[in-house]
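Grab a pencil and work through these exercises with the structure open beside you. Try each task before you read its solution.

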Amino acid sequence: MKSPFCPTVGEIVSQQFQDGSFAQIIAVTPRYLGADAMVRTPLSRHTTPSTGDAHALIRSKGGKIRAVLNACPHRNNQLFPVGLTVNDVLVQRAGNVSQNESIVCPFHRYTYNPKGEFVYAPVFAEEEKKPCLALNSIAIEQVGGLIFEAGRGAPEMLQDVFAEASFVRLGIEPFDLKKSVLHSTEETHEVFSALDAMEVFGDTDHVDDIHKASFNQLVDMQNLWLGYGKHWSIQFVGWRKETTLVCDAYRDYREAVLSQGNIPLYGAVWMMFGPYTTFEWYPTDVPGEHVFVVSTFVPNESGGCRNVIEWYVPEALLVRNPELVGKLKKAYAVTAAEDRELCISTKRGRRALVDNGYSNQKLGPIHPHEEGCIGHYYNML
């Protein structure tokens with residue numbers, strides 16, 4: 001990897017890099033919408049949490065997946081109501097199987113065919129019907145089981161991930177969700193920026209100290225190896241064979257993974273793609289089976305971000321050992337809370353420097369191994 005671009009504190013706080021802003025970078029990079037596991041069966045529909053449910057994925061009777069904007073052209077109500085948000089967590093999402101291929105707005109019953117064309121408006125007599133706009137369809141492209149908005153190069157940017165030798169060695173087929181279901185989604189609204197979150201995500205140097213009794217007791221940080229593509233980086237970490245001081249949540253997850261006597265080939269794998277999307281893999285109690293997690297850190301105008309987390313779980317695991325998923329999620333929540341403290345601390349420290357005249361101070365040196373993905377991230381931006 002080339003010597004990393006090292007931004008100033010002012011550039012980080014303002015999210016400016018050279019002549020392009022973070023928002024401009026986001027505008028031209030692949031936009032993750034969701035996964036085919038959201039709409040596994042014919043005639044199923046699901047809104048996309050990563051875009052604030054602004055889109056909906058629809059699988060036709062023949063199996064083709066389409067994407068439309070989640071807005072009826074008539075009065076612009078949501079075609080697929082999303083549900084309620086409680087304590088910043090969305091507790092119910094649109095995700096249903098229709099009786100037929102028609103798309104019916106629940107508010108005024110304007111009806112559209114599978115291609116998104118207007119076909120029916122119940123409030124008008126036949127002779128009074130006026131042409132109505134079709135649904136706004138969004139062209140999509142897939143990478144494995146992941147769905148992106150078309151035209152921004154996602155397949156080209158991710159094609160070399162499949163050649164990453166470490167995935168083969170660990171028995172992971174990247175982005176393969178054929179045997180998985182969307183288990184759950186969560187979202188939080190954070191005061192730190194998407195850029196702050198991605199920087200912490202790419203840093204392993206803090207694991208021993210910040211995650212001493214949690215994530216550090218799952219993974220062997222002495223067995224860390226990195227993979228790089230032009231638009232992505234991956235951190236592979238070995239399974240920790242023995243624990244010292246481990247919190248209850250991680251003890252429970254470890255015991256669930258080891259319950260059948262199998263030793264995982266890895267403790268965790270996490271990948272950074274583009275400016276604000278991450279992918280993670282976690283072992284189960286069966287070799288070659290993985291829980292897959294997608295996180296999208298969506299920037300907001302206040303300088304914070306909305307963190308959307310999607311959990312994709314092997315269907316066989318839900319039959320065999322559903323408790324393992326709950327234990328993994330509890331362990332994950334512990335690490336997320338610790339990372340949140342680190343992100344907030346970083347944000348406040350940088351704000352103190354900027355407010356006191358140190359905007360031009362550059363960040364300190366980036367360790368080529370333990371912080372290598374941070375350097376790669378800034379180079380990519």
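**Exercise 1: a covered helix**

Which residues of helix 10 are buried?

Solution. Keep in mind that you're looking at a predicted model.

Step 1. Find helix 10 at residues 372-380.

Step 2. Go along the helix and note each residue with under 20% relative accessible area. Your list should read Gly 372, Cys 373, Ile 374, Gly 375, His 376, Tyr 377, Tyr 378 and Asn 379.

Step 3. Put that into words: helix 10 is mostly covered, with eight of its nine residues buried.

**Exercise 2: one helix, two partners**

Take helix 5 and describe how it is covered, then work out how it lies against helix 10 and helix 9.

Solution.

Step 1. Helix 5 spans residues 194-201, and eight of its eight residues are buried. Among them are Leu 195, Met 198 and Phe 201, along with the charged-looking names on your list, Asp 196 and Glu 199.

Step 2. Now for the packing. Two packed helices are described by the angle between their axes and the distance between the axes.

Step 3. For helix 5 and helix 10, the axes come within 8 Å and cross at roughly 140°. The two helices are therefore oblique to each other. On the helix 5 side, the contact uses Leu 195, Met 198 and Glu 199, and they meet Ile 374, Tyr 377 and Tyr 378 of helix 10.

Step 4. For helix 5 and helix 9, the axes come within 10 Å and cross at roughly 120°, which makes helix 5 oblique to helix 9. This crossing is right-handed. Asp 196, Ala 197, Glu 199 and Val 200 of helix 5 touch Asp 339, Leu 342, Cys 343, Lys 347 and Arg 350 of helix 9.

**Exercise 3: another neighbour for helix 9**

What is the handedness of the crossing between helix 7 and helix 9, and which residues make the contact?

Solution.

Step 1. Locate helix 7 at residues 248-257; its axis comes within 8 Å of the axis of helix 9, and the two cross at roughly 145°.

Step 2. Check the handedness: helix 7 passes helix 9 in a left-handed crossing.

Step 3. List the contact. Helix 7 brings Ala 249, Tyr 250, Asp 252, Tyr 253, Ala 256 and Val 257. Helix 9 answers with residues including Leu 324, Leu 328, Ala 331 and Tyr 332.

**Exercise 4: hunting for the core**

How many residues does the largest nonpolar core have, and which have the most contacts inside it?

Solution.

Step 1. Start from a rule of thumb: in soluble globular proteins, nonpolar side chains tend to be buried together.

Step 2. Here the largest nonpolar core has 51 residues, and Phe 215, Tyr 253 and Tyr 282 have the most contacts inside it. Helix 9, residues 322-355, supplies the largest share of this core, with eight residues.

Step 3. Zoom in on Tyr 282. Beyond its neighbours within four places in sequence, Tyr 282 is in contact with residues including Phe 215, Tyr 253, Leu 328 and Tyr 332.

Step 4. Don't stop there. Another core lies apart from the largest one; it has 37 residues, including Ile 138, Met 157, Phe 273 and Phe 279.

**Exercise 5: a residue late in helix 9**

Is Val 354 buried or exposed, and what does Val 354 touch?

Solution.

Step 1. Val 354 belongs to helix 9. At 18% relative accessibility, Val 354 counts as buried, because the cut-off is under 20%.

Step 2. Setting aside neighbours within four places in sequence, Val 354 is in contact with Val 9, Gly 10, Val 13 and Ser 359.

Step 3. Compare sequence and space: Val 354 and Ser 14 are 340 residues apart along the chain, and their C-alpha atoms are separated by 9.9 Å.

**Exercise 6: a three-stranded sheet**

In what order do the strands of the sheet with strands 3, 14 and 15 lie?

Solution.

Step 1. The order is 3-15-14, in an open sheet with antiparallel pairing. Strands 3 and 14 stand at the edges with a single partner strand each, so one side of each has no neighbour in the sheet.

Step 2. Count bridges: strands 14 and 15 pair over four, and strands 3 and 15 over three. Ile 140 has Glu 149 as its bridge partner, while Ala 35 has Leu 146.

Step 3. Look at both faces of strand 15: Leu 146 and Phe 148 on one side, and Ile 147 and Glu 149 on the other, are all buried.

Terms used:
Residues are numbered from 1 along each chain as its sequence is written. This is a predicted model: local features need pLDDT of at least 70, side-chain atom pairs count only at pLDDT 80 or more; totals for chains, interfaces and linings use all residues. Side-chain values use heavy atoms; hydrogens and water are left out. Two strands pair if DSSP finds at least two bridges between them. A nonpolar core is a set of buried Ala, Val, Leu, Ile, Met, Phe, Trp, Tyr and Cys residues joined through side-chain atoms within 4.5 Å. Buried means under 20% relative accessible area, exposed over 50%, partly exposed in between (1.4 Å probe, protein chains only). Contact means heavy atoms within 4.5 Å. Axes are lines fitted to C-alpha atoms, for helices over the stretch in contact, and angles run from 0 to 180 degrees between N-to-C directions. Angles under 35 degrees count as roughly parallel, over 145 as roughly antiparallel, 65 to 115 as roughly perpendicular and the rest as oblique. A crossing is left-handed if the near helix is turned anticlockwise from the far one by less than a right angle, and right-handed if clockwise.
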